There are 6 protein chains.
Amino acid sequence: MVNINDSVLERFIDEDVPYIDLTSHILGIEEQSGSISYIARENICVCGTEEVKKIFDKYDLEVLNYKRSGTFLKKGEVLLQAKGRADALHLVWKVCVNILENASGVATRVQKFVESAKDVNPKVEIVTTRKIFPGTKQLATKAVLVGGAYPHRLGLGESILVFEEHLRFYGGLDKFIDNLKELKQKACEKMIAVEAHNIEDALKLAKANVDIIQLDKFSIEDLKTAVKQIKEISPNTRISAAGGINMQNVKEISACGADLLVTSSLYFGKPADIKADIQLLR
Amino acid sequence: MVNINDSVLERFIDEDVPYIDLTSHILGIEEQSGSISYIARENICVCGTEEVKKIFDKYDLEVLNYKRSGTFLKKGEVLLQAKGRADALHLVWKVCVNILENASGVATRVQKFVESAKDVNPKVEIVTTRKIFPGTKQLATKAVLVGGAYPHRLGLGESILVFEEHLRFYGGLDKFIDNLKELKQKACEKMIAVEAHNIEDALKLAKANVDIIQLDKFSIEDLKTAVKQIKEISPNTRISAAGGINMQNVKEISACGADLLVTSSLYFGKPADIKADIQLLR
Amino acid sequence: MVNINDSVLERFIDEDVPYIDLTSHILGIEEQSGSISYIARENICVCGTEEVKKIFDKYDLEVLNYKRSGTFLKKGEVLLQAKGRADALHLVWKVCVNILENASGVATRVQKFVESAKDVNPKVEIVTTRKIFPGTKQLATKAVLVGGAYPHRLGLGESILVFEEHLRFYGGLDKFIDNLKELKQKACEKMIAVEAHNIEDALKLAKANVDIIQLDKFSIEDLKTAVKQIKEISPNTRISAAGGINMQNVKEISACGADLLVTSSLYFGKPADIKADIQLLR
Amino acid sequence: MVNINDSVLERFIDEDVPYIDLTSHILGIEEQSGSISYIARENICVCGTEEVKKIFDKYDLEVLNYKRSGTFLKKGEVLLQAKGRADALHLVWKVCVNILENASGVATRVQKFVESAKDVNPKVEIVTTRKIFPGTKQLATKAVLVGGAYPHRLGLGESILVFEEHLRFYGGLDKFIDNLKELKQKACEKMIAVEAHNIEDALKLAKANVDIIQLDKFSIEDLKTAVKQIKEISPNTRISAAGGINMQNVKEISACGADLLVTSSLYFGKPADIKADIQLLR
Amino acid sequence: MVNINDSVLERFIDEDVPYIDLTSHILGIEEQSGSISYIARENICVCGTEEVKKIFDKYDLEVLNYKRSGTFLKKGEVLLQAKGRADALHLVWKVCVNILENASGVATRVQKFVESAKDVNPKVEIVTTRKIFPGTKQLATKAVLVGGAYPHRLGLGESILVFEEHLRFYGGLDKFIDNLKELKQKACEKMIAVEAHNIEDALKLAKANVDIIQLDKFSIEDLKTAVKQIKEISPNTRISAAGGINMQNVKEISACGADLLVTSSLYFGKPADIKADIQLLR
Amino acid sequence: MVNINDSVLERFIDEDVPYIDLTSHILGIEEQSGSISYIARENICVCGTEEVKKIFDKYDLEVLNYKRSGTFLKKGEVLLQAKGRADALHLVWKVCVNILENASGVATRVQKFVESAKDVNPKVEIVTTRKIFPGTKQLATKAVLVGGAYPHRLGLGESILVFEEHLRFYGGLDKFIDNLKELKQKACEKMIAVEAHNIEDALKLAKANVDIIQLDKFSIEDLKTAVKQIKEISPNTRISAAGGINMQNVKEISACGADLLVTSSLYFGKPADIKADIQLLR
């Protein structure tokens, strides 16, 4: 259960319909009764129906049934059905399509990606980075979890991930390794992850027994080599692969044996294709 | 100038860094001085630098120079340079990359799309739909305008666009056409646009002199035919083509002669590739 | 249906009762049961009852019945009746009076104004400007629509209305007219409206076939002349009259034949007179 | 100094310009330089310039000079002058007119009302009720204070004012009077005010030495009589007159000798007339 | 009834669970059913159950029963019972403990303090200052009222309390006393309170008949003397004692005879001890 | 650098001064000039000065100097000095005292606690729980970090901490231990922490090589025994001690050798004692 509060949902609605559906108003169709069904136009992993239900409740539209986020639907199956006044139906129609298509789009991509990755390495886990489109954090996070991956970190304050950009201010990698024991003690509830850009650094970090080594933009060859050698040196160190991993190369990379794959690619791409079928109820 | 207020920017920051950069804190590098440069890794139409500047100002980081949104940059050119305390630099680093990459990504796609469309029909205009990822309205709208297109409508209350879904409640297309004169009078400051799904309906609407006919998901052949016949019947009626228009088919569709192309495809896709170069200042 | 979200209603309540009704608290009457009826003290066009109902729901007060916004009520008729705990009743009492009196006040003025205008020119439409008291946008917009008029534009980004103040930066009216065709093409989903301050400019604009000419502060004589001549020159151009139109002069101005009247005067004036009758339930 | 925070001002701007000034954008005049002067078209008590200055600062417009709220200006005098980019000027133009006209409108009415009331009774004070247009609390409160009156109470939790509607739940006026001493003790930092609808009740309350008696909708004759008799019975009891007091009858009512006059009438009425003069700067 | 709106409650939840309960998610226990009981581990004056109920409602958890704020519970008694999905239960669990423990903690301290104070002086009233932990205003205010005290003032704009720091800008105490009559007239709906730091000033103020004298940090001896002499000089002047009053010294200070005691000490201290008992429902 | 955004600070100000300082207004001292110094009345670890500086900037008060959060000040030393208009000084005075006293109070307690704990076990780390007073998250988190401890977890979604309450839904501790390897893999970027209530469970968990064992409410004897035995069984497992740890028992508990101590006690207690010295500037 992902906590997306009412003020977030109200912001979504206000983005799309700050005041009214002028077309319904001009046509004078507001008081009639109608039904709406959201129907998958392709196979999808549903996401966002709980939020749509909350929005429908707010506008006194009666939700007749819905599939919970995480359900796999085939083309033609129904996500949610509701009925109520025509003005309310037209008001919420598209913002709810936007929620469902975008959230389900991410969830579906995540699900496929996780499946592909696990297909060649059943133990691998997928985590998604902080590189969201600003403003989409709650919905994107829900979609990532629903699809079967995890957020890498939900805020910059929740984990320790040392980039080269930090080390420049710290005095370099060697100084960091010298002090690692002390740093681990200071941060004793957290794993310490360090990004490495080449095999040499990765092995130094393995020798130092760092908790997680994040191998950034390694070639397939280097990645294989690095994973093998790190595991020999420090069996408990977790290895993550990051940088440019996407649906095309995920199998090849997953096969290299890293414990987790870090990707930003799943946030972006076509929304799921979902139809809204609106009918007059007499 | 697109109005993106401070509370929107604060929300973006809070999404990424609700409290601190724990890594910088644990490493104890907070009080050092550093510089940051955001550099294009590919040719882009810049968008979002004004927002990044505002964020840098908030964190007492000195912006040394920046390119205004709408500037075209070649790979390797700099979007913005700044300097200040290391903790502040690390705090704003990624959320500002996210703003720049996503906004510039949309703006660059829009710019290319507009160029492609006008290449074959210099008079065509591009408008983007309401189908955003919820939460991205302000930034996406800025990117659309900066890239040279227009938002189709910023809210459901600002224009009249009659869908089949409205007509089902109204009594059908013929009744609508019968009453069109009266409706035009009621909405006399607005154009009345109607979506048509086939040539027959489109020509009915042309005969009725509706302001805009939106041809939805027409084949290339039908689109050409419809445009030609509508222009003959009602030279002042504007014709928009909508449904599935994207970077791949834009030229072919634009060549059909519609006055405007309506697309959702530009919102989605890879963010622009922008590097953040962070260095220690001694 | 106008979308006034919960956070707007919470703001209204917090304005009036940030914490408690101290008087009820000191008197110790909080747990008793009571009823409330809002009763029209004059003939009104009701507006705001849906919002009051939402507020009552929030405070667990049971709404027994209410008239929808847009209903015409005679003096003595009831807008809404509810019952519940005395502390909740006293807490929401006045903020709900404020909503009902102010929204119904605007709606009633709008309704009378529209009636007066149409009495002499049944085809005229009334639109209200952006000149609201800051903070009242949602409620005022609802009241305008409920009363039978339209908002001129809900945001500065939704329509094109060229003022003299724009032309000063553009290079003047003649340059604008020279470029009008190109501008119309650029903005092809929108009407282009231009404000004219004298007959001469109005006729220039008519010859250029601009979509809407807004005649600002014309004398009755000039208004009549301008309408007649514009219609002759460009029958499709819509003519709006603006500037100082109010309940006193609306008939005289409406009779001049403009297609629409633009006014700010309806936002301001006495609230409708509505009585709250609160009784103890034993 | 009234505290109107940035989020309130951002709300005002967003109401008027959620995204852009489309007209300036279409005309392509955004990057030019211009000046703006807000000029009184009638004698006014200025209110809102501090808020306008804050808004101008936000949009990088340079405020050259301004008159503080509370300044009395003659027709033709300047409230505020600024310069900057044309797009920013057009963006803030009208919302700032709205702030200035509405706040100055209230402040000017308040000032005149206070003057009229004190003209016949220099010791009288004016307080304004909670009956605002919802959404206007901060700006209206500033205008009331700037004009020389006081808000009756800023929230329902800050004072004790016993209405008939409370007494119905309490057990009636006599019971209240019996317990007054104890209630005064409980609320010992607050005055206890009670509304009376007739002379008889007013005198009962005077005998009970209540702190404030609010005489609601008394005729001039009754008001004079009540004031005289209450003062004789309980010289320290303050007397307020309320109900239907407005600019027309304020002198007559003020002359009756009440200590304070309570009115809602000043919130409503025509905004002050303020011109915005925008010019191109070459 | 204290008005704590939904956006405040959402803020509380978001503080604790911005997205999910990761532990429940990883364990895969989300869809099971469970019950929760909040149980007092010590004698308490309950506060916050209405807010917890609202939160439970938001997450579709069924509240089976609860005790209203203000109820006195013995160790082992139940504040609230509910049941529902395991993920929702775990999500709201701790934030609701935090609300109940902190609000009940303050309410219980207030209740004991009031009791102690009244034990030696039944007529004394307790008011609490503005010295809250920022961010706790609504909940702390509720707890104060529920416990039987009053907030000294809910905002700086609701009462007049003259500190030495004001008088430094005004021209000193003597000038203030000279002008007191006029100030009382200006602020005729409010009591005027003045802080005194020594007996001499207190007596000056008594002679001037000020409404309330706040004796700040007086020794027990001085407090007794001051109360006695003020009462002789000006029987209607209310006397408040302030500065360093806490649970230890409240009886001794209350016995000195001041009309009210002003304290900040009740906001701070251990939260009430409340256990959450969560069980699986099969 | 802890990110406390402007809207949080505005909320703090609005809590204390929703509109004005009525006292300054009535006294008419608003336009005078004054200075303010915040001075430690006891030895403190400063926290909150950056926030106070931001507030002073907002109200055009000139901050002359201030000590950064984390500075240790002796009684009598100055935290921050500023000057400006008297109305602004009085408006921000107390809310800034509240920020400084509460944040510094927590920071000072944290600092002492950390010192005490490290005095007997230099390698121990202190983390603070989620049991804040709702509404205080940002400020409390800043104080914890400034004082030298860490937040246990900033949100329920950022770490895995298995309570008995989770295990009841999961199938018990043994099942959990059976599946631990798989759970660790799933959550491979996070440590898995489990709460144990007795030595037996703790040792089971140690044998299973769980990342962190949190020993809840162990007696000193049991704690010592458990630490010793866990370290023997699983040297890499981190041990945290939790439940009832406070300033009185911290040394004794710290001496037991756990790696980290978890406490809620530091959030609560007396605010630091800080004086505001306000003077007239002539």
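**Close-up views of the F–E interface and a run of strands in chain A**

**View 1. Chain F and chain E bury about 6000 Å² between them.** Of this area, 63% lies on carbon and sulfur atoms. Three residues are good ones to look for here: Glu15(F), Phe133(F) and Phe169(F) supply 14% of the area that chain F buries against chain E, more than any other three residues. The contact draws on 69 residues from chain F and 69 residues from chain E. Please keep in mind that this is a predicted model.

**View 2. Salt bridges and polar contacts link chain F with chain E.** Four salt bridges are found across this interface. One of them is worth zooming in on: the side chains of Asp16(E) and Arg130(F) meet at 2.5 Å, N to O. Polar contacts across the interface of chain F and chain E come to 32 residue pairs, with both residues at pLDDT 80 or more.

**View 3. Helix H4 of chain F, residues 86-120, gives the largest share of the side that touches chain E.** This helix contributes eleven residues to that side of chain F. Sorted by class, the side of chain F that touches chain E has 34 nonpolar, 17 polar and 18 charged residues.

**View 4. In chain A, strand S9 (residues 192-196) is mostly covered.** Five of its five residues are buried. Follow the side chains along the strand: Ile192(A), Val194(A) and Ala196(A) point one way from S9(A), while Ala193(A) and Glu195(A) point the other way. Glu195(A) is buried, as are the other residues just named.

**View 5. S9(A) pairs with strand S8 and with strand S10 of chain A.** Strand S8 (residues 160-162) of chain A runs parallel to S9(A), and three bridges join the two. Here Val162(A) has Val194(A) in S9(A) as its bridge partner. With strand S10 (residues 212-216) of chain A, S9(A) pairs in the parallel sense over four bridges. Val194(A) turns up again in this pairing, with Ile213(A) in S10(A) as its bridge partner.

**View 6. S10(A) is joined to S11(A) by five bridges.** These two strands also run parallel, and Asp216(A) stands opposite Ala242(A) in S11(A). Strand S11 (residues 238-242) of chain A is mostly covered, with five of its five residues buried. Which residues point each way from S11(A)? Arg238(A), Ser240(A) and Ala242(A) take one direction, and Ile239(A) and Ala241(A) take the other. Arg238(A) and Ser240(A) are among the buried residues of this strand.

Terms used: Residues are numbered from 1 along each chain as its sequence is written. Chains are lettered from A and ligands numbered from 1 in the order in which they are written. This is a predicted model: local features need pLDDT of at least 70, side-chain atom pairs count only at pLDDT 80 or more; totals for chains, interfaces and linings use all residues. Side-chain values use heavy atoms; hydrogens and water are left out. Contact means heavy atoms within 4.5 Å. Buried area is the accessible area (1.4 Å probe) that two parts lose on being put together, summed over both. A polar contact is a pair of N or O atoms within 3.5 Å; within protein, one must be able to donate a hydrogen and the other to accept it, and residues adjacent in sequence count only if both atoms are side-chain atoms. Ala, Val, Leu, Ile, Met, Phe, Trp, Tyr, Cys and Pro count as nonpolar, Asp, Glu, Lys and Arg as charged, and the others, Gly among them, as polar. Buried means under 20% relative accessible area, exposed over 50%, partly exposed in between (1.4 Å probe, protein chains only). Two strands pair if DSSP finds at least two bridges between them.
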